[in-house]
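Notebook open, model loaded. I went through the pockets and then the sheets, jotting things down as I looked them up.

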Amino acid sequence: MNIIFVKWGTKYPSEDVNILYSSLKKYCDYDFYCYTDDSTGIDSNINIIDIPSKPALKVWWNKLPMFNKDFPLHGKTIFFDLDVYIRHNPFPLIETSDWSKLTLIDCRPWKDIINTDGNYSTRYDVTMNSTVITWDADNPEIHKMWDHFNGSQKDYFLRKYKGIDRFIQHEGFSYELFSTELIQSYKYQLEDDYMNNPIVTFEEVDYGRSDIKTWIEDDKENLRRKHAVSGS
């Protein structure tokens, strides 16, 4: 099993990669990779895959090359965005994926996006989110996404879509959705009963903000106290 992160540019420091690695490693014995343009400071236990200079992609678009048939991964693969916080073991839910298909986060509960006629608004016109993805890296059906993107219409797709979520959904690629119990959004869904969600995502929030880091540390302390009381 592979676990991969993508780090491009300077938005996320190597510390975020290492913290995420440490928080996942204690629950599994999988191989870890980081697809990056700068491996400085990344834990030596994480295998580095260099982002090539061509094709020159920015920010979230660097997720798409993971679906290239020539990408140096094989078999079952799990991707995590760097702006996630692992509260407890996510793998019992993640490992129920249908590995023959692409599986992504169901983001419908995060936002009030469904109109009265059942259609999605222009702003929130996707039902899934690529914060966590699972797939079989050897599956030719998965490779079709990269082939479709990296052809004569690539520049058009880069202009048309703000990220790979809209590209995948609106270009008609099939996918499955994780259980909504897997992840909760700090911005859109965080509620008092979030305690059962193993992952919190900080999508569309500045993950480096001091109040976010304070919230995470407070939550870690609350979890430690809870476990101490329960004896688990």
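I started with the second largest pocket, and I counted 23 residues in its lining. Nearest the centre of this pocket I noted S23, Y85, I86, I216 and K220. I should put down here that I'm working from a predicted model.

Next I looked up which elements feed that lining. Two or more residues each come from α1, β5 (84-86) and α6 (210-230). α6 gives the most, with 7 residues. Sorted by class, the lining of the second largest pocket holds 11 nonpolar, 4 polar and 8 charged residues. For its volume I wrote down about 480 Å³.

Then I turned to the largest pocket, which comes out at about 870 Å³. Its lining runs to 31 residues, and I listed K11, W60, K63, D81 and E203 as the closest to the centre. By class I got 13 nonpolar, 6 polar and 12 charged residues for this lining. I also checked which elements supply at least two residues here, and found β1, β7 and α5 (164-170) among the suppliers. β7 contributes the most to the largest pocket, with 4 residues.

On to the sheets. How are the 7 strands of the open sheet ordered? I read them off as β3-β2-β1-β4-β7-β6-β8, with mixed pairing. At the edges I have β3 (47-50) and β8 (176-177), and because each has a single partner strand, one side of each is left without a neighbour in the sheet.

I followed a couple of the pairings in this sheet. β1 and β2 run parallel and are joined by 6 bridges. Within that pair I found V6 opposite Y35 of β2. Strand β4 (residues 76-80) pairs with strand β7 (residues 128-136) in the antiparallel sense, over 5 bridges. There, K76 has D136 in β7 as its bridge partner. A reminder to myself: strands of a sheet pair through backbone hydrogen bonds, either parallel or antiparallel.

Is β2 mostly buried or exposed? I found 5 of its 6 residues buried, so β2 is largely enclosed by the rest of the structure.

I also looked for what covers these strands. Helix α1 (residues 14-25) lies across β1 (2-7), β2 (31-36) and β4. The helix runs at about 160° to β1. I'd already met α1 in the lining of the second largest pocket.

Last entry: the open sheet of 3 strands. I have its order as β5-β10-β9, and the pairing is mixed. β5 and β9 (183-185) are the edge strands here, and since each has a single partner strand, one side of each lacks a neighbour in the sheet. From one strand to the next, I get an average twist of 25°.

For one pairing in this sheet, I looked at β9 and strand β10 (residues 199-201), which go together in the parallel sense over 3 bridges. The bridge partner of I183 in β10 is I199. α6 packs on this sheet, where I found it touching β5 and β10. Its direction makes about 15° with that of β5. That ties back to where I began, as α6 and β5 both give residues to the lining of the second largest pocket.

Technical notes
Residues numbered from 1 in each chain as written. Predicted model: local features only at pLDDT ≥ 70, side-chain atom pairs only at ≥ 80, totals over all residues. Heavy atoms only, no water. Pairing = 2+ DSSP bridges. Contact = heavy atoms within 4.5 Å. Axes fitted to C-alpha atoms, helices over the stretch in contact; angles between N-to-C directions. 1 Å grid on protein atoms, 1.4 Å probe; cavity = no way out; pocket = protein on both sides within 12 Å on 5 of 7 lines; lining within 4 Å. Points joined across faces, edges and corners; volume = space filled by probe spheres on them. Nonpolar A, V, L, I, M, F, W, Y, C, P; charged D, E, K, R; others polar. Buried < 20%, exposed > 50% of the residue type's maximum accessible area, 1.4 Å probe, protein only.
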